[in-house]
Amino acid sequence: MFEDTLELAENKLLLLYIFLKINAPISNNQITQMILENNFMNYFTLQQYISELVQNNFLQILEDENKHRLLITEKGEKVLSLFINRISKVKLETIDIYLENQHENIKREVSASSDYTIENKNKFVVSLKAIEGNINLIDLKITVDSNNLARELCTKWKNDSSKKYERILQILLDD
């Protein structure tokens, strides 16, 4: 029983460590992918731990247009700083290496979002966003005439939102 308690504490601390290292709101799907790819715990245990961390205000849920993202709270950071030595060095190294290798993919997914909806038969509203930390850099909605164009805009935005954001900013600053 004591071992189970230690494992529970280590797993929750490991989750807080991941959120601290990413330093940006991420989706439940993203954290689930990281945990399952590294075989740290099973899906159901992970979801229980996330729920408990949210209930105890170690993680917070940010809601934006029906999308939920998770972020470590100040309370979570304090607890982690006090008990980080309870996480095995092997797990910390595994997460550090994983995050280093996946940094660009995670950053792209965290900082850019795109989606589209059907306005009426021939019109599609494309929503493009860029977020840095908790700051919404751009939230752009464009109406286009085809489903294919809407999908293409979403794909291109996700693949290179930072350059596109800079270009939009430059266009707006030009005389």
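On the surface of this predicted model, L36, Y43 and F44 form a nonpolar patch with about 330 Å² of accessible area together. L36 is found in helix α2, and with a relative accessible area of 36% it is classed as partly exposed. A patch of this kind admits residues with over 30% relative accessible area, so L36, at 36%, satisfies that requirement.

The patch may be set against the chain as a whole. The accessible surface of the chain comes to about 11,400 Å², and 51% of that surface belongs to carbon and sulfur atoms. The chain has 175 residues, of which buried residues make up 36%. Its secondary structure comprises 6 helices and 5 strands, and from the N terminus on these elements follow the order α-α-α-β-β-α-α-β-β-β-α. Among the contacts with a separation of 6 or more, 52% are accounted for by residues 24 or more positions apart.

The interior comes next. In soluble globular proteins, nonpolar side chains tend to be buried together. Here the largest nonpolar core contains 29 residues, and the members that touch the most other members are L15, L16, I18, I31 and I35. Helices α1, α2 (28–37), α3 (43–55) and α5 and strand β2 (67–72) each supply at least two residues of this core. Helix α1 provides the largest share, 8 residues. The surroundings of I35 illustrate how the core is joined: when residues up to four places away in sequence are not counted, I35 touches L15, I18, F40, M41 and L46. A second, separate core consists of 10 residues, including A130, I138, V144 and C154.

Buried positions are not restricted to nonpolar side chains, as Q47 shows. This residue is found in helix α3. At 19% relative accessibility, Q47 counts as buried, because the class takes in values under 20%. Leaving aside neighbours within four places in sequence, Q47 is in contact with N28 and T32. With N28 the contact is polar, side chain to side chain, at 2.8 Å.

Charged side chains supply a further set of links. Side chains of opposite charge can pair when their charged atoms come close. The structure holds 7 salt bridges, and three of them are described below.

The pair D96 and K21 forms a salt bridge in which the closest N and O atoms are 3.6 Å apart. This bridge links distant parts of the chain, since D96 belongs to helix α5 (residues 89–111) and K21 to helix α1 (residues 2–22), 75 residues apart. D96 is partly exposed, with a relative accessible area of 27%. K21 also counts as partly exposed, at 44% relative accessibility. Helices α1 and α5 are thus joined by this charged pair, and each of them also supplies at least two residues of the largest core.

A salt bridge between strands is formed by K129 and D139, whose closest N and O atoms lie 3.9 Å apart. This distance falls within the 4 Å cut-off for a salt bridge. K129 is in strand β4 (residues 123–132) and D139 in strand β5, and 10 residues separate the two along the chain. Strand β5 itself covers residues 135–144. Are the two partners buried or exposed, or in between? K129 counts as buried at 5% relative accessibility, whereas D139 is partly exposed at 39%. The bridge therefore pairs a buried lysine with a partly exposed aspartate. D139 can also be placed relative to S113: the two residues are 26 apart along the chain, and their C-alpha atoms are separated by 9.5 Å.

The third bridge lies within one helix. The side chains of E152 and K156 meet at 3.2 Å, N to O. Why is the separation of E152 and K156 about one helical turn? The two residues are 4 residues apart in helix α6 (residues 147–173), which accounts for that spacing. E152 counts as partly exposed at 40% relative accessibility, and K156 is partly exposed with a relative accessible area of 44%.

How values were computed:
Residues are numbered from 1 along each chain as its sequence is written. This is a predicted model: local features need pLDDT of at least 70, side-chain atom pairs count only at pLDDT 80 or more; totals for chains, interfaces and linings use all residues. Side-chain values use heavy atoms; hydrogens and water are left out. Buried means under 20% relative accessible area, exposed over 50%, partly exposed in between (1.4 Å probe, protein chains only). A nonpolar core is a set of buried Ala, Val, Leu, Ile, Met, Phe, Trp, Tyr and Cys residues joined through side-chain atoms within 4.5 Å. Contact means heavy atoms within 4.5 Å. Patches are made of residues with over 30% relative accessible area and no salt bridge: like charges are joined within 9 Å, nonpolar side chains (Val, Leu, Ile, Met, Phe, Trp, Tyr) within 5 Å. Accessible areas come from the Shrake-Rupley method with a 1.4 Å probe; for residues, only the protein chains shown count as cover. A polar contact is a pair of N or O atoms within 3.5 Å; within protein, one must be able to donate a hydrogen and the other to accept it, and residues adjacent in sequence count only if both atoms are side-chain atoms.
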